[in-house]
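Got the viewer open and a cartoon on screen? Let's walk through it one selection at a time.

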Amino acid sequence: MTYKLPIPQNFSFQECLWFLDRNYDDCLHEVRPNAVRKAIFIHNEPTLIEITESSNQLIINVLVGNNSEKEIIDFVKDWFDYNRDLSPFYELLENDDELKYMTSEYAGLRLLAIPDLFEALCWSIIGQQINLTFAYKLKRRFTEIYGTKLNYENADYFLFAKPEIVANIKVEDLLPLQFSNRKAEYLIEIAKQFVSGNISKEILSAHSTAEAIRLLVSVRGIGEWTANYALMKSLKRLECVTYGDVGLYNALHNLKGFDKRPSRETLNLFFKNFKDWEAYTVFYLWRSLAVKS
DNA sequence: GGCCAGGACTCAA
DNA sequence: TTGAGTCATGGC
């Protein structure tokens, strides 16, 4: 089955593809020349889709699994932030001497989402205070054991583990995968919060961003950075700023000459110029850290 | 070998 | 409420 979407204004499939790759080994999607494959649950059925670009259209091929058109289209739109009109953001960028280059250099880059909130939270915890190369390794080891596997043409594709599975893991089980005690504890605790129904995407969606952050931070292992990251990547709360983010600080240091650890005041003053587009600004600043090879 | 990595927790003052 | 110490391990 094949579905098609017209490519909108300020949308670059290639830029998105490049960000999805960034020379990291992400086990939850596979970037190929002019294409990306990803396994997702559609009506709870593992489904493999492949997205390519052709004559100003996104082509979505369902390789294995459930063909439900609406769910698949909705997922792709959510993943690529397809429905967003970026022109207001680009106007803000144009007003910033050091960042205006981004409107052409990164033109059409979309905030690539992590639609699954549980995955977004786990991923941010896995990535806490370690380098990204190692973080992707941890995610792969974890997913290959506790996630769902889908086989297509002799290749394996993985879906992230479900909370019901993770809630029953023991800390000792994760130590051989080189998780620290704390990371293991945090992941299992968050899974339990999902299983018990204390946290879900639906619940957070019903809260303001400030309230959602408060709720998330009350869980052990979720700090301000993680809460903002998850809300930005999963719920598309564009006013979120990943305070404390080393990557963000490095980018601002490089481009704006800010301190390596800028004060909150400095940050807020900067982000005031990007009101309602803070998360996009963070995302583009992350983009600036990666060197195109 | 030393410092850093897309942090969070703990505990003292 | 703020600051220093701790956690843990790979990458460069």
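Start with the sheet: five strands make an open sheet in the order S1-S5-S4-S3-S2, with antiparallel pairing. Keep in mind as you click around that this is a predicted model. The edges are strand S1 (2-6) and strand S2 (30-32), and each of these pairs on one side only. Look along the sheet and you can follow its twist, which averages 25° from one strand to the next.

Now zoom in on one edge. Select 2-6 together with residues 57-64, which is strand S5: S1 and S5 pair in the antiparallel sense over five bridges. Want one bridge to look at? Show Leu 5 in S1 and Leu 58, its bridge partner in S5.

Next, add residues 13-21. This is helix H1, which packs on the sheet and touches S2, strand S3 (35-42), strand S4 (45-54) and S5. Turn the view until you see H1 against S3: their directions make about 75°.

**On to the DNA**

Select DNA strand B and show what surrounds it. There are 24 residues, and the closest are Arg 22, Leu 132, Gly 221, Thr 226 and Tyr 229. By class, this surface has nine nonpolar, ten polar and five charged residues. Which part of the DNA faces the protein? Of the strand B atoms within 4 Å of the protein, 56% belong to sugar or phosphate, and the rest to bases.

Three phosphate contacts are good to pick out with the distance tool:

- Thr 226: an N or O atom of its side chain is 2.6 Å from a phosphate oxygen of strand B.
- Gly 223: a polar backbone atom is 3.0 Å from a phosphate oxygen of strand B.
- Leu 132: here too a polar backbone atom is involved, 3.3 Å from a phosphate oxygen of strand B.

Now colour helix H9 (181-195), helix H12 (224-234) and helix H13 (246-256), the elements that give two or more residues to the surface near strand B. H12 gives the most, with four residues.

**Last stop: Thr 242**

Follow the chain out of H12 and select Thr 242, in the loop between H12 and H13. Is Thr 242 buried or exposed? It counts as buried, because its relative accessibility is 0%. Show its surroundings: leaving aside neighbours within four places in sequence, Thr 242 is in contact with Trp 225, Asn 228, Tyr 229, Met 232, Leu 248, Val 282 and Trp 286. Finally, add Asp 245, whose side chain is joined to that of Thr 242 by a polar contact of 3.0 Å.

Technical notes: Residues numbered from 1 in each chain as written. Chains lettered and ligands numbered in written order. Predicted model: local features only at pLDDT ≥ 70, side-chain atom pairs only at ≥ 80, totals over all residues. Heavy atoms only, no water. Pairing = 2+ DSSP bridges. Axes fitted to C-alpha atoms, helices over the stretch in contact; angles between N-to-C directions. Contact = heavy atoms within 4.5 Å. Near = heavy atom within 4 Å. Polar contact = N/O pair within 3.5 Å; in protein donor to acceptor, adjacent residues only side chain to side chain. Nonpolar A, V, L, I, M, F, W, Y, C, P; charged D, E, K, R; others polar. Buried < 20%, exposed > 50% of the residue type's maximum accessible area, 1.4 Å probe, protein only.
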